[in-house]
Amino acid sequence: MSQTRANFHTPRHALLRAKITRIRKQETDSATFRRVLAEIGAILASEALRDLPETTATIETPVSRMEAPVLTQPEPCLVAILRAGLGLLDGARMVLPDAPVGHLGLVRDEQTLVPSEYVVRLPKDLARRGALVLDPMLATGGSAIQAIHRVKQAGARVVRFACVVAAPEGVDALQKAHPDVAILAGALDERLNEHGYIVPGLGDAGDRCFGTE
């Protein structure tokens, strides 16, 4: 079932749900996790951008002339929160192969749960294009809040955020910090545990994606 809050959406998409189930499973190996995460990234990017503004233009098909839909602005930049966002980025780039790509390196302190930056590389065209920020997990919301703040600082006026699974606590925190940002989640999970992990979640997406600990 689709779940909707203010500026938050989980799509009704059977294929997406099935793929999320696959990466939730503890026995899913790293190579499979990485491949399916990319497939999820393609679906999420398509869903997150389904309302891009469009108009029509006259084109010639091999059969006739027609008025065909075209976008009225360039495709948004893709911004991955490292490391795990790279897994979603691979799929999103299949949908938007010409979109500029940015990277934000954020690491969460396991004691305080507060993220710190270690790399910021953002496209120059954010003001004109806007951005789709990608991260598999929306847990406490700290990383997403900081990443979106950085993207806005760099000039993006329209920002969207897409994740695979979200905790209610993270959704609430992100909406409070950035009420203008549309949030798309593949699934809204139950809660955070005492360690700040999403329950039932899918574990540490970065470690599972890249086979690290």
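This note goes through strand pairing, nonpolar cores, one helix face and the cysteines in a predicted model.

1. Strand 10, residues 159-166, is a convenient place to start. This strand is mostly covered, with 8 of its 8 residues buried. Three pairings involving strand 10 are described in the next points.

2. Strand 8 (residues 131-134) pairs with strand 10 in the parallel sense, over 4 bridges. Within that pairing, Ala 131 has Val 159 as its bridge partner in strand 10. Strand 9, residues 137-138, also runs parallel to strand 10, and the two are paired over 2 bridges. Here Met 137 is found opposite Val 165 of strand 10. Between strand 9 and strand 10 the chain passes through helix 5 (residues 142-153), and this β-α-β crossover is right-handed.

3. Strand 11 (residues 182-188) is paired with strand 10 as well, in the parallel sense and over 6 bridges. Ala 162 lies opposite Leu 184 of strand 11. Together with helix 6 (residues 168-177), strand 10 and strand 11 make up a β-α-β unit, which is right-handed.

4. An antiparallel pairing is found elsewhere in the chain. Strand 3 (residues 54-60) and strand 4 (residues 65-71) are joined in the antiparallel sense over 7 bridges. The two strands form a hairpin, with 4 residues between them. In this pairing Ala 57 faces Ala 68, which belongs to strand 4.

5. The largest nonpolar core contains 36 residues. Among the residues with the most contacts inside this core are Ile 23, Ile 40, Leu 44, Leu 132 and Leu 202, along with Val 164 and Val 165. Elements giving two or more residues to the core include helix 1 (14-24), helix 2 (30-48), strand 5 (77-82) and helix 3 (85-95). Strand 8, strand 10, strand 11 and helix 7 (205-210) are also among these elements. Helix 2 supplies the largest share, 8 residues. A second core, separate from this one, has 25 residues, including Val 79, Val 159, Ala 185 and Leu 188.

6. Leu 202 deserves its own point. Setting aside neighbours within four places in sequence, Leu 202 is in contact with Ile 23, Phe 33, Met 137, Val 164 and Val 165. The contacts of Leu 202 also include Arg 24 and Arg 208.

7. Helix 1 has Leu 16, Lys 19, Ile 20 and Ile 23 buried. Viewed down the helix axis, the buried residues of helix 1 fall within an arc of 100 degrees, so they line one face. The cover over these buried residues includes helix 2, strand 10, strand 11 and helix 7.

8. How many disulfides does the structure hold? There are 0. Cys 163 is not bonded in this way because its sulfur is 16 Å from the closest cysteine sulfur, that of Cys 209, which is too far for a bond. For Cys 209 the closest cysteine sulfur is in turn that of Cys 163, at 16 Å, so the distance is again too far. For a disulfide the two sulfur atoms would have to lie within 2.5 Å. Cys 163 is buried, at a relative accessible area of 0%. Cys 209 also counts as buried, with 0% relative accessibility.

Notes. Residues are numbered from 1 along each chain as its sequence is written. This is a predicted model: local features need pLDDT of at least 70, side-chain atom pairs count only at pLDDT 80 or more; totals for chains, interfaces and linings use all residues. Side-chain values use heavy atoms; hydrogens and water are left out. Buried means under 20% relative accessible area, exposed over 50%, partly exposed in between (1.4 Å probe, protein chains only). Two strands pair if DSSP finds at least two bridges between them. A crossover is right-handed if, with the strands pointing away from the viewer, the path from the first strand over the helix to the second runs clockwise. A nonpolar core is a set of buried Ala, Val, Leu, Ile, Met, Phe, Trp, Tyr and Cys residues joined through side-chain atoms within 4.5 Å. Contact means heavy atoms within 4.5 Å. The arc is that of the directions from the helix axis to the C-beta atoms.
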